[in-house]
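Work through the exercises below with the coordinates open. Try each task before reading its solution.

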Amino acid sequence: MHLHKYEKMWMLIGGGALLIFLIMLGVGAFYQGTKPPSCLTTIDPQNVEAHDSFKKENLGMQQLDDNRYVVNVIASAFNYDFGTDEEGNVVRTIRIPVGSEVMFQGTSTDVVHGFELAGTNANMMLEPGYINTVETTFNKPGTYTFVCNEYCGTGHHYMTATVEVYDE
Ligand code: CUA
């Protein structure tokens, strides 16, 4: 079989590009441990309070150590429930010291909701029946807004909350 010079060249380029992408994929998966987010943590959407993380007193921000926090949230149409503060007021704003590593952990009691913190890498779905998590580090003080980016009904566009990152 006779191959034209350019045909050979393009086959080499195509094969080479494929090889490079496969190597990148392999390094990402096996060396850097990149994997799709786990969807294996299940929960009964009718009874989320049965799970420790979503008991009333555990909603909102929990400190793990010096600069690590967990924020537990229950989404429902059309609200993010972060629990109440010491005075019993509904938490609408999560206040976090700058430099903190925060894991957001959430679920939904009705339909699929979005959980995107604009201006950060935190972006996930909150699905009934599953517990999803996303981690982010807040290096810049400021006000960040959560938006629901999954259409969930007529009040979808009202579904927001705020994170305030403050300098200590
Ligand atoms: Cu919740 Cu859109």
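**Exercise 1. An inner strand**

How many bridges join strand β4 to β10, and do the two run parallel or antiparallel? Then find the other partner of β10 and sort the residues of β10 by face.

Solution. Keep in mind that this is a predicted model.

Step 1. Strand β4 covers residues 93-97, and 5 bridges join β4 to β10. The two strands run parallel.

Step 2. Take one pair from this contact. Pro-97 has Tyr-166 in β10 as its bridge partner.

Step 3. Turn to strand β9, residues 142-147. It is joined to β10 by 6 bridges, and this pair is antiparallel. Here Val-147 stands opposite Thr-160.

Step 4. Sort the faces of β10, residues 160-166. Ala-161, Val-163 and Val-165 make up the covered face. Thr-160, Thr-162, Glu-164 and Tyr-166 make up the uncovered one.

**Exercise 2. The open sheet**

Give the strand order of the 5-stranded open sheet, and say which strands stand at its edges.

Solution.

Step 1. The order is β4-β10-β9-β6-β7, with mixed pairing.

Step 2. Find the edges. β4 and β7 each have a single partner strand, so one side of each lacks a neighbour in the sheet.

Step 3. Add the twist. Neighbouring strands of this sheet are turned by 20° against each other on average, direction ignored.

Step 4. Check the link between β6 and β9. It has 2 bridges and is antiparallel. Leu-117 has Phe-146 in β9 as its bridge partner.

**Exercise 3. Partners of β5**

Which strands pair with β5 over 8 bridges and over 6 bridges?

Solution.

Step 1. β2 is joined to β5 by 8 bridges, and the two run parallel. Val-73 stands opposite Gly-106 in β5.

Step 2. Strand β8, residues 132-137, pairs with β5 over 6 bridges in the antiparallel sense. Met-103 stands opposite Glu-135 in β8.

Step 3. Look at burial. In β5, 6 of its 8 residues are buried, so the strand is mostly covered.

**Exercise 4. The nonpolar cores**

Which members of the largest nonpolar core touch the most other members?

Solution.

Step 1. This core has 26 residues. Those touching the most other members are Tyr-80, Phe-82, Phe-104, Phe-115, Phe-138, Phe-146 and Val-163.

Step 2. Trace the contributors. β2, β4, β5, β6, β7, β9 and β10 each give two or more residues to this core. β2 gives the most, with 4 residues.

Step 3. Zoom in on Phe-82. Beyond its neighbours within four places in sequence, Phe-82 is in contact with residues including Leu-59, Val-71, Val-91, Ile-94, Phe-115, Phe-146 and Ala-161.

Step 4. Separate the other core. It lies apart from the largest one and has 6 residues, among them Ile-43, Phe-54, Leu-59 and Ile-74.

**Exercise 5. Cysteines and domains**

Are Cys-148 and Cys-152 buried or exposed, and how many disulfides does the structure hold?

Solution.

Step 1. Apply the cut-off: buried means under 20% relative accessible area. Cys-148 has 7%, so Cys-148 is buried. Cys-152 has 13%, so Cys-152 is buried too.

Step 2. Count the disulfides. The structure holds 0.

Step 3. Finish with the domain assignment. It gives domain 1 as 1-35 and domain 2 as 41-166. Their C-alpha centres lie 41 Å apart.

Technical notes:
Residues are numbered from 1 along each chain as its sequence is written. This is a predicted model: local features need pLDDT of at least 70, side-chain atom pairs count only at pLDDT 80 or more; totals for chains, interfaces and linings use all residues. Side-chain values use heavy atoms; hydrogens and water are left out. Domain bounds come from an automatic or database domain assignment. Buried means under 20% relative accessible area, exposed over 50%, partly exposed in between (1.4 Å probe, protein chains only). Two strands pair if DSSP finds at least two bridges between them. A nonpolar core is a set of buried Ala, Val, Leu, Ile, Met, Phe, Trp, Tyr and Cys residues joined through side-chain atoms within 4.5 Å. Contact means heavy atoms within 4.5 Å. A disulfide is a pair of cysteine sulfur atoms within 2.5 Å. Axes are lines fitted to C-alpha atoms, for helices over the stretch in contact, and angles run from 0 to 180 degrees between N-to-C directions.
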